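Colleague: Hey, can you walk me through this one? I'm new to reading models, so keep it simple.

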Amino acid sequence: MAAGGPASELIMFIVAIIVAGSVAGALAYVTNDIAVGIKIRGESLADNLRSDFAIINDPENIPVSGTGPYNYTFYIKNVGKNSIPFSSDALQVFIDGDMMPPSNLTFVDVNDTPISFLDPYEVGKIIVTANLSSGSHRVMIVLENGKVRSFVFRIP
Amino acid sequence: MGFSVSASTAILFTSILLVLSNLYIAWENNYVQVKDAEGYWYDLRISRLSTRLNLTSYSYVIDSNHYNLTLTIENNGNTVNVGYWSGIYDGDYVTLSDVVDDNVGFISSLEYLLPGEDISLNVTFIGLDSSQHTLWIFIGNGCGLGIKWHYNGSAVLIDSTSWTCPTEVT
């Protein structure tokens, strides 16, 4: 029994250290996970607040070309602080509630050069291939961060 | 037994301190970033509320087969950066810096338009028919001034002016 005392004390000590270390490790892992989550959420929220754009078409005169289906040109001006992704992967276009498939969208700058980002104060064009009847329509453009702008226009 | 308790307590206490400091740093970075972005968001909204351009006067010169129109636009709001302006003339994008490339442009170059100042814009080679023309001038914060006019056979008449700013739902 005299030799069992220190041995059991040692076992108790090792077990206590292992348990405390495991708890500390788990805490560090969970905390790191939470910290990364806070960072991502903060960046996303800040990006949303810094992003803004405007659809600057003349609502009564949307440029149209082609013989059907027609190509309608919508001008997008980046009025935010950050560059905004300008491609069919990051941006959705809805006309009268219907989502336009990416194959019907072309993203170019005002000189018709394909671009993938729109810098602050830059104007880009989204050319939408569609068949729209005469009358009023609503185009809604959604950025990847959820920023939405809609625009009512009239086709003669 | 006593030493085991002390050692494990020390380990747990230290790890809790590290956890709290880690979370605090993450929260503070996030808070600063979001507050900065929020400040920009408010500034943009305030700038839209306190920006206003108005058409104060216009003049025209009628030629044999076209006419040229000069529009004078006054800033009745905060100072605006003219370099960030964009134009839409009869539906198509135009640059406003040079009249030669697309028949629409400023008469004089100006970097900023201060409150109360005005700037003149030329629209040239407009066909001599009675069709209505529209020019939209959008400034850096997305707000825009729209001007409609037509030629009635003997004079150029301004039909209407309008003012718009971007909103989520139009």
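Modeller: Sure. One term before we start: two residues are in contact if their C-beta atoms, placed from the backbone, lie within 7 Å. Also keep in mind that this is a predicted model.

Colleague: Okay, let's try that term out. Which residues is Ile126(A) in contact with, leaving aside its neighbours within four places in sequence?

Modeller: Leaving those neighbours aside, Ile126(A) is in contact with Phe74(A), Ile76(A), Val93(A), Leu105(A) and Phe107(A). Take Phe107(A): it is 19 residues from Ile126(A) in sequence, yet the two are 4.9 Å apart in space, C-alpha to C-alpha.

Colleague: And where does Ile126(A) lie? Is Ile126(A) buried or exposed?

Modeller: Ile126(A) lies in strand S9 of chain A. Ile126(A) counts as buried because it has 21 C-beta neighbours inside 10 Å, and the cut-off for buried is 20 or more.

Colleague: You mentioned Val93(A) as a contact. What is the bridge partner of Val93(A) in S10(A)?

Modeller: That's Ile141(A). The strands involved are S5 (residues 92-95) and S10 (residues 135-142) of chain A, which pair in the antiparallel sense over four bridges.

Colleague: What sheet are S5 and S10 of chain A in?

Modeller: An open sheet of four strands, with the order S6-S5-S10-S11 in chain A and antiparallel pairing. At the edges you'll find S6 (98-99) and S11 of chain A, each pairing on one side only.

Colleague: Let's zoom out. How is chain A divided into domains?

Modeller: The domain assignment gives domain 1 (1-50) and domain 2 (53-155) for chain A. Their C-alpha centres lie 50 Å apart. The contact between them takes four residues from domain 1 of chain A and six residues from domain 2 of chain A. On the domain 1 side, the classes are no nonpolar, two polar and two charged residues.

Colleague: And chain B, what domains does that one have?

Modeller: Chain B is divided into domain 1 (1-49) and domain 2 (53-164). For chain B, the C-alpha centres of the two domains lie 52 Å apart.

Colleague: How many residues of each chain are in contact across the two chains?

Modeller: 44 residues of chain A are in contact with 42 residues of chain B. On the chain A side, the elements giving two or more residues are helix H1 (4-50), strand S3 (70-78) and strand S11 (148-155). H1(A) provides the largest share, with 23 residues.

Colleague: What classes do the residues on that side of chain A divide into?

Modeller: They divide into 28 nonpolar, six polar and 10 charged.

Colleague: New topic: backbone angles. What is the phi of Tyr121(A)?

Modeller: Tyr121(A) has a positive phi of about 75 degrees, although it is not a glycine. As background, most residues other than glycine have a negative phi. Tyr121(A) is found in the loop between strand S8 (117-118) and strand S9 (123-130) of chain A.

Colleague: Why is Tyr121(A) called partly exposed?

Modeller: Because Tyr121(A) has 18 other C-beta atoms within 10 Å, which falls in between the cut-offs of 20 or more for buried and 12 or fewer for exposed.

Colleague: What about Phe125(B), what value does its phi have?

Modeller: Phi of Phe125(B) is near 55 degrees, which is positive in a residue other than glycine. Phe125(B) lies in strand S8 (residues 118-127) of chain B. Phe125(B) counts as exposed, because it has 11 C-beta neighbours inside 10 Å.

Methods: Residues are numbered from 1 along each chain as its sequence is written. Chains are lettered from A and ligands numbered from 1 in the order in which they are written. This is a predicted model: local features need pLDDT of at least 70, side-chain atom pairs count only at pLDDT 80 or more; totals for chains, interfaces and linings use all residues. Domain bounds come from an automatic or database domain assignment. Ala, Val, Leu, Ile, Met, Phe, Trp, Tyr, Cys and Pro count as nonpolar, Asp, Glu, Lys and Arg as charged, and the others, Gly among them, as polar. Two strands pair if DSSP finds at least two bridges between them.
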